[in-house]
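I set out to read this chain from its interior outward. My entries follow the order in which I looked things up.

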Amino acid sequence: MNSIEQNLANWKASLLSSIPLGGLFSRNATVYKWKAPFRCWNLREAAFWRTHDLMSQSYALHQLGHGLGARILLRSGFETLATLIYLNQLSQGVLDGTLNFHAFGQKTSILLLGSKNNSTQHKSLNIMTVLDKCNKRYPGIAGLYAELSESAHPNYEGLCSGYSKIDHDEYETIFSNRWMEKYGDRHLDSMNLCMETFHYEYDTVWPDLISKLESWIEANDAQLEATKNDPIPAS
């Protein structure tokens with residue numbers, strides 16, 4: 001079993017089956033009367049489930065030689081990773097005093113409930129906006145995502161380059177499925193990068209932030225109550 005297979009197996013065994021609200025109230029009733037920290041838990045675990053699912057399928061397609069599908073799923077994996085990174089950045093903003101807590105609550109609603117098809121009351125964020133912010137923490141992540149996006153769309157990379165090449169000597173266009181030829185040897189490295197970064201944000205960054213955020217909310221609860229009906233400042 002290689003490292004990706006082992007990590008996927010470990011992840012599957014670690015997926016959380018539920019988040020009892022009563023358990024969070026027992027953890028800290030003052031903190032979890034506010035919806036934002038509860039949403040943080042839900043976002044973290046939903047992102048974990050989705051990333052595991054995407055990486056499992058991307059790996060399976062790669063093993064079968066389906067390079068394009070593997071890359072498209074990996075692209076979605078980086079989007080999900082970016083969402084978790086962005087959530088952690090928002091939490092840090094509250095702690096640093098650069099993001100109003102009630103604005104933070106609104107942003108967690110959008111992350112958790114945003115949609116493009118009007119199936120919810122919240123309009124989802126543009127993923128490029130999220131990736132741009134994440135690129136400040138992990139320089140290069142936006143560029144890697146852009147490269148994967150070129151494969152996902154029927155432009156030059158996703159259409160002509162993916163399925164044909166020119167024989168200039170014979171003045172001939174030759175068609176074939178070239179995805180594994182072009183990217184097969186790099187795919188697993190990109191998967192590892194996505195998974196290792198997700199694991200760090202999930203298992204190291206997030207637990208530290210939620211603990212600090214809980215302490216911050218408890219210390220500022222009176223002020224939060226006094227300002228909960230105030231207009232939310234733009235951020």
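**Entry 1. Lining of the largest pocket**

I began with the largest pocket of this predicted model. By class, I find its lining to hold eleven nonpolar, six polar and four charged residues. I then looked up the volume of this pocket, which is about 490 Å³. Of the 21 lining residues, those closest to the pocket centre are Arg-50, Glu-79, Thr-83, Leu-111 and Ile-127. I also asked which elements each supply at least two residues of this lining. They are H3, H4, H5, strand E1 (114-115) and H6.

**Entry 2. Overall layout**

I next recorded the general arrangement of the chain. I count ten helices and four strands. Read from the N terminus, the elements run α-α-α-α-α-β-β-α-α-α-β-β-α-α. Along the principal axes, the C-alpha atoms fill a box of roughly 80 × 40 × 30 Å. The chain has 235 residues, of which 42% count as buried. Among contacts with a separation of 6 or more, 68% are between residues 24 or more positions apart.

**Entry 3. The largest nonpolar core**

Which members of the largest nonpolar core touch the most other members? Of its 50 residues, I find Met-55, Phe-78, Phe-101, Phe-104 and Phe-198 in that role. The elements that each supply at least two residues are helix H1 (3-14), helix H3 (35-63), helix H4 (67-96), helix H5 (101-113), helix H6 (127-137), helix H7 (141-152) and helix H9 (179-219). H4 gives the most to this core, with eleven residues.

I followed Phe-78 further. Setting aside neighbours within four places in sequence, I find Phe-78 in contact with Ile-141, Leu-144, Tyr-145, Leu-148, Ser-190, Leu-193 and Cys-194.

**Entry 4. Thr-51**

I then turned to a residue of helix H3, Thr-51. Is Thr-51 buried or exposed? Thr-51 counts as buried because its relative accessibility is 0%, and the cut-off for buried is under 20%. Leaving out neighbours within four places in sequence, Thr-51 is in contact with Trp-11, Thr-80 and Phe-198. Phe-198 is also among the core residues that touch the most other members.

**Entry 5. The cavity**

How many cavities of 30 Å³ or more does a search of the whole structure find? The search finds one. The space in the largest cavity is about 30 Å³. I list its lining as His-62, Gly-67, Ala-70, Arg-71, Trp-179, Met-180, Tyr-183, Gly-184 and His-187. H4 and H9 each supply at least two of the lining residues, and the largest share, five residues, comes from H9. By class, this lining has four nonpolar, four polar and one charged residues.

**Entry 6. Ile-72 and Glu-150**

I compared two residues that are distant in sequence. Ile-72 is found in helix H4, and Glu-150 is found in helix H7. Their C-alpha atoms are separated by 9.7 Å, although the two residues are 78 residues apart along the chain. Ile-72 also lies 5.7 Å from Ala-152, C-alpha to C-alpha, with their positions 80 residues apart in sequence.

Why does neither count as buried? Ile-72 has 30% relative accessibility and therefore counts as partly exposed. Glu-150, at 37% relative accessibility, is likewise classed as partly exposed. Both values fall between the limits of 20% for buried and 50% for exposed. Not counting residues up to four places away in sequence, Glu-150 touches Asn-155, Glu-157 and Gly-158.

**Entry 7. The E3 and E4 hairpin**

My last entry concerns a pair of strands. Strand E3 (residues 164-167) and strand E4 (residues 172-175) run antiparallel and are joined by four bridges. Which residue in E4 stands opposite Ile-166? I find Thr-173 there. For Asp-167, the bridge partner in E4 is Glu-172. The hairpin has four residues between the strands, and Tyr-171 takes a positive phi near 50°. As a general note, side chains in a regular strand alternate between the two faces of the sheet.

Note on methods
Residues numbered from 1 in each chain as written. Predicted model: local features only at pLDDT ≥ 70, side-chain atom pairs only at ≥ 80, totals over all residues. Heavy atoms only, no water. Core = buried A, V, L, I, M, F, W, Y, C linked by side-chain atoms within 4.5 Å. Buried < 20%, exposed > 50% of the residue type's maximum accessible area, 1.4 Å probe, protein only. Contact = heavy atoms within 4.5 Å. 1 Å grid on protein atoms, 1.4 Å probe; cavity = no way out; pocket = protein on both sides within 12 Å on 5 of 7 lines; lining within 4 Å. Points joined across faces, edges and corners; volume = space filled by probe spheres on them. Nonpolar A, V, L, I, M, F, W, Y, C, P; charged D, E, K, R; others polar. Pairing = 2+ DSSP bridges.
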